[in-house]
Amino acid sequence: MEYDREFLTGTVTVLILSLLRERAMYAYEILQEAERRSARAFQMKEGTIYPALHQMERTGLLKAEWRQGESGRARKYYSLTAKGRKKAQIKREQWEALSAAMRLILGGSHG
Amino acid sequence: MADRRPIESIVDHIAREAHIPGRAARDDLRRELLTHFEDAAASPEGLQEALKRFGNPDLLAQHFRDIYQWEYVALYFAKLALSVVAAVAAALAVQVLINLRVEIQTEALRLAPEFPKAAVRSVAVVFGLVTAWEIGRRPFELRRALIALSAYAAICVLVQAFFALGLQMFGSATVLVLLGLAASRFQQRRATVLRTFAVFAAATYLVHLGLSVPLGPGRALTASVALVAVWTITVAILARCDRLFVNHFTTFGADR
């Protein structure tokens, strides 16, 4: 599904924080995981994840390190910092509240 | 094995245009993007699809520039300030050397009466040259050119407020800078330096002659030696500071 850029801007941060809450991942893995979990509904221009990751690393939400993955190839793995964990929790709560409210509104318009 | 050249070219382009400070950080991004394509485009057939999914490289570079823009702007002004301070200090040092006299009676060193005017003119030449350098920077940007011209005009007005001869000095400096540019175009070759010197000497002599201010050819030549020294040193300082700045943000060559 194609989403407009404005809609995606806020979502990418939440998506990255949510996925990295579970384990450290590299950028392409984050993209694949997001696509898989959303049953391919969530597809964005893959390049856009890199500035987002850099910005989050700069603001202290993420830390990054190069290490070998299961395939034996070196990849840049991102993981949450303590600040990032707090932010992930806050974002998750905000997102859940917002989506619950949106479901009520959208559901109401159909009912 | 897929042909990696289009990928490497795209990755290089992004790393170059992203304006990420520090070579290590740019190399890191380059490496990261290359690993992306290792995963996304393992086969030749997958390459075009991977490039399509990746998105517009220019847009991506713009996103990176947005992230680092304040650091870029701050360092740009720091570079400009450093160039100006170093060039003004050098210009004043040149004028002190040229105008230093030994007073025979007291055996003391003193500056010639012409020193204040010559010093202000040299500083004005430095500011004019910095302005021309910023306007001439490639790629040309109207906004940068207007800011440079406005700053030059503001400094001119400021100097006039403190020194009665400010406008006159900046006026003559502007003419000298324009003549110098016509003669050398920022080049530092011996032939262009000699041509600039000749142009300065002729201009200095003719302007004084036109204003009926006594100035012999000898003094016109001395004044021009000082101006050419100021000119050459300023261009060298601007080029060096520019190179430092560009190398901090770009790995694959300068923009001038």
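Me: Hi! How many bridges join S2 and S3 in chain A, and in which sense do they pair?
Reply: Hello! In this predicted model, strand S2 (residues 62-68) of chain A pairs with S3(A) in the antiparallel sense, over seven bridges.

Me: Nice. Which residue of S3(A) is the bridge partner of Ala64(A)?
Reply: That's Tyr78(A). Another pair in the register is Leu62(A) with Leu80(A) as its bridge partner in S3(A).

Me: And what do S2(A) and S3(A) form, with how many residues between them?
Reply: They form a hairpin, with five residues between the two strands. In the turn, Gly72(A) has a positive phi of about 90 degrees.

Me: What about S1, how does that pair with S3(A)?
Reply: Strand S1 (residues 25-26) of chain A also pairs with S3(A) in the antiparallel sense, here over two bridges. Within that pairing, Tyr26(A) stands opposite Tyr77(A) of S3(A).

Me: So in what order do the three strands of the sheet come?
Reply: The order is S1-S3-S2 in chain A, an open sheet with antiparallel pairing. S1 and S2 of chain A are the edge strands, each pairing on one side only.

Me: Is S3(A) mostly covered or mostly open?
Reply: Mostly covered: S3 of chain A spans residues 74-80, and six of its seven residues are buried.

Me: Let's change topic. Which residues make up the nonpolar patch on the surface of chain A?
Reply: Trp95(A), Leu98(A), Met102(A), Ile105(A) and Leu106(A) form that patch, and together they have about 480 Å² of accessible area.

Me: Where does Leu98(A) lie, then?
Reply: Leu98(A) is in helix H4 of chain A, which covers residues 82-110.

Me: And why do you call Leu98(A) partly exposed?
Reply: Because its relative accessible area is 48%, and partly exposed runs from 20% to 50%.

Me: Glu35(A) caught my eye too. Is it buried or exposed?
Reply: Glu35(A) is buried, since its relative accessible area is 13% and the cut-off for buried is under 20%. Glu35(A) belongs to helix H2 of chain A, residues 27-37.

Me: What is Glu35(A) in contact with, leaving aside its neighbours within four places in sequence?
Reply: Arg40(A), Phe42(A) and Gln43(A).

Me: On to the interface. How much area do chain A and chain B bury between them?
Reply: About 2000 Å², and 51% of that is on carbon and sulfur atoms. The contact takes 21 residues from chain A and 21 residues from chain B.

Me: How many salt bridges are there between the two chains?
Reply: The count between chain A and chain B is eight. One pairing to look at is Arg75(A) with Glu38(B), whose side chains meet in a salt bridge at 3.4 Å, N to O.

Me: Last thing, chain B's backbone. Which peptide bond is cis there?
Reply: The bond from Arg138(B) to Pro139(B) is cis, with omega near -10 degrees. Pro139(B) sits in the loop between helix H5 (115-136) and helix H6 (142-162) of chain B.

Me: And what phi does His19(B) have?
Reply: A positive one of about 55 degrees, although His19(B) is not a glycine. You'll find His19(B) in the loop between helix H1 (5-17) and helix H2 (23-40) of chain B.

Conventions
Residues are numbered from 1 along each chain as its sequence is written. Chains are lettered from A and ligands numbered from 1 in the order in which they are written. This is a predicted model: local features need pLDDT of at least 70, side-chain atom pairs count only at pLDDT 80 or more; totals for chains, interfaces and linings use all residues. Side-chain values use heavy atoms; hydrogens and water are left out. Buried means under 20% relative accessible area, exposed over 50%, partly exposed in between (1.4 Å probe, protein chains only). Helices (H or I, at least four residues) and strands (E, at least two) are DSSP runs, numbered from the N terminus. Two strands pair if DSSP finds at least two bridges between them. Patches are made of residues with over 30% relative accessible area and no salt bridge: like charges are joined within 9 Å, nonpolar side chains (Val, Leu, Ile, Met, Phe, Trp, Tyr) within 5 Å. Accessible areas come from the Shrake-Rupley method with a 1.4 Å probe; for residues, only the protein chains shown count as cover. A salt bridge is a side-chain nitrogen of Lys or Arg within 4 Å of a carboxyl oxygen of Asp or Glu. Contact means heavy atoms within 4.5 Å. Buried area is the accessible area (1.4 Å probe) that two parts lose on being put together, summed over both.
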